[in-house]
Amino acid sequence: MYYSDYNRPPEEREPIIETDQFHVHDTEPPKPKKKGMAAKFVALGLCCALIGGAVGGGGVWAASRLAGSHSVIYQGTGNTTAVSLANVDGQTVLTPEEIYAANLGAVVGVNGNVDTNVFGYTVKNAVSGSGFVISSNSTTSYILTNYHVIDGVSDITVFFSDGKSYDATLVGGEADNDIAVLKIDVGNLQTVVLGDSDTLNVGENVYAIGNPLGELTFTFTGGYVSAKDRSVTMSDGTVMNMLQTDTAINSGNSGGPLFNEYGQVVGIVSAKLSSSSSSEASVEGLGFAIPINDVKDMITSIMEHGYVTGKPNVGILMNDVNEAAQRYGVPAGAEVMAVLEGSGADKGGLQVGDIITAVNGETVESSDALKSAVQDCKAGEQVTFTVYRDGDTLDVTVTLDEDNQDTQAAMDQLYQEYQEQQQQQSQSQQQGGNYYYNFPFGW
């Protein structure tokens, strides 16, 4: 499964910290030691030296001699290096330390509450994710995160590494591309610099700052670009184009930035692959991030309009043709279950019961295939649907509507009306196994 929903109670997210055993090795081959009090004093002397700490900048840290035994622990010398606050100019390769120092002030943790229905009672559970400041003016700052981090979440708060926290409001989001923009009423904040994700090469170093488990705040991890243009199916069935990386990613990292070696944001950390059961082998080093180039224009639209402008909407509820119907000669495709009055589909002549089998000549055999065929179009474009209706095949031309907030509200209302109609007939349809009772997709 893909971790794309981290809305879990804190008690289920306690981190497990593992440590290794460290051994002190003698500098000379071990010699036979006399048993008794002498050996005890050697052990005690060594322990006291370790607890007491080092004296001096380097060299021999602690030594104990007794009865010919000589054990020495060496400590290397080194100077404390101050990390310079480098500028992210897109030309200078930065050290990991510089990348962290240059961007820490622009990274946030995202907290909130999600209502969960347990045994008929509504309870609030805390959720945690990450984000980063994408834009800031004199009075307002905008923060980018994942849509799944804030989906269904109330009382959203963002917190910074300096300990300050602010109430945030949702400007808008885009579920299909898993992005959301938050707003806080604080200005003149540090922002990240966006890079070009298309220029990344497999094998390049990338780095993440985030809040794994919602507890280990502002953790810095690094790795490589493992692959580009991965088609990743999320837990809700959405297929997304992703960057693959072995950078350590865990619950709570979602929505955080992925930096290139110039300190620029090239991705939005979104998901991690995990085994779906205890019987499967553990999976490590398979993390995914949304390429920043894929969503730059969408981010701007959300900030300016509250939604992604230009997205198409056909104006129908649809469902896959049942396999049982296909055995009787009905073609595979997307069946129209309801048509929004006044929509492009309504004006173009689509009808309930139509089976859409092709879009602009491209065969589609499911609702998801139809959605994929249309999603690259823009609102206002004309699309030709090949339709199977009452045993005949015909073409229907539809001018696509914009998938804005008004359209979505109308589609939600259409879906509710459809459900009510189905509930009135549910008893007979369930007993008869009528496939029309399947819940449709809106598009």
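Modeller: Helices here are DSSP runs of H or I with at least four residues, numbered from the N terminus, and the model we are reading is a predicted one.

Biologist: Which residue just after α4 takes a positive phi, and of about how many degrees?

Modeller: That residue is Gly306, whose phi is about 90 degrees, and it follows directly on α4.

Biologist: How does the span of α4 compare with what its 14 residues should give?

Modeller: The expected span is 1.5 Å times one less than the number of residues, so for the 14 residues of α4 one should find 20 Å, and the end C-alpha atoms do lie 20 Å apart, in agreement with that value.

Biologist: Where is the kink in α4 centred?

Modeller: It is centred on Met298, where α4 has a kink of about 25 degrees. Met298 is also one of the buried residues of this helix, together with Ile292, Val295, Ile299, Ser301 and Ile302.

Biologist: Which element gives the largest share of the largest nonpolar core?

Modeller: Let us take the core itself before its parts. The largest nonpolar core holds 32 residues, and those with the most contacts inside it are Leu144, Ile179, Ile268, Val295 and Ile299. At least two residues each come from β4, β5, β9, β10, β12, β14, β15 and α4, and the largest share, five residues, is that of α4.

Biologist: What does Ile268 touch beyond its sequence neighbours?

Modeller: Leaving aside residues up to four places away in sequence, Ile268 touches a set that includes Phe132, Leu144, Ile179, Phe288, Ile292 and Val295. A second core, separate from this one, has 21 residues, among them Leu370, Cys377, Phe385 and Val387.

Biologist: Is Ser270 in strand β14 buried or exposed?

Modeller: The reading rests on a cut-off, since a residue counts as buried when its relative accessible area is under 20%. Ser270 lies in strand β14 and has a relative accessible area of 0%, so it is buried. Its side chain is joined to that of Asp178 by a polar contact of 3.0 Å.

Biologist: And Val398, in which strand is it found, and what does it touch?

Modeller: Val398 is found in strand β22, residues 392-399, and it counts as buried because its relative accessibility is 0%. Again leaving aside residues up to four places away in sequence, it touches Gly344, Ala345, Gly348, Leu350, Glu381, Gln382, Val383 and Phe385. The last of these, Phe385, also belongs to the second core. Val398 and Gly315, 83 residues apart in sequence, are 9.8 Å apart in space, C-alpha to C-alpha.

Conventions
Residues are numbered from 1 along each chain as its sequence is written. This is a predicted model: local features need pLDDT of at least 70, side-chain atom pairs count only at pLDDT 80 or more; totals for chains, interfaces and linings use all residues. Side-chain values use heavy atoms; hydrogens and water are left out. A nonpolar core is a set of buried Ala, Val, Leu, Ile, Met, Phe, Trp, Tyr and Cys residues joined through side-chain atoms within 4.5 Å. Buried means under 20% relative accessible area, exposed over 50%, partly exposed in between (1.4 Å probe, protein chains only). Contact means heavy atoms within 4.5 Å. A polar contact is a pair of N or O atoms within 3.5 Å; within protein, one must be able to donate a hydrogen and the other to accept it, and residues adjacent in sequence count only if both atoms are side-chain atoms. The bend at a residue is the angle between axes fitted to the seven residues ending there and the seven starting there.
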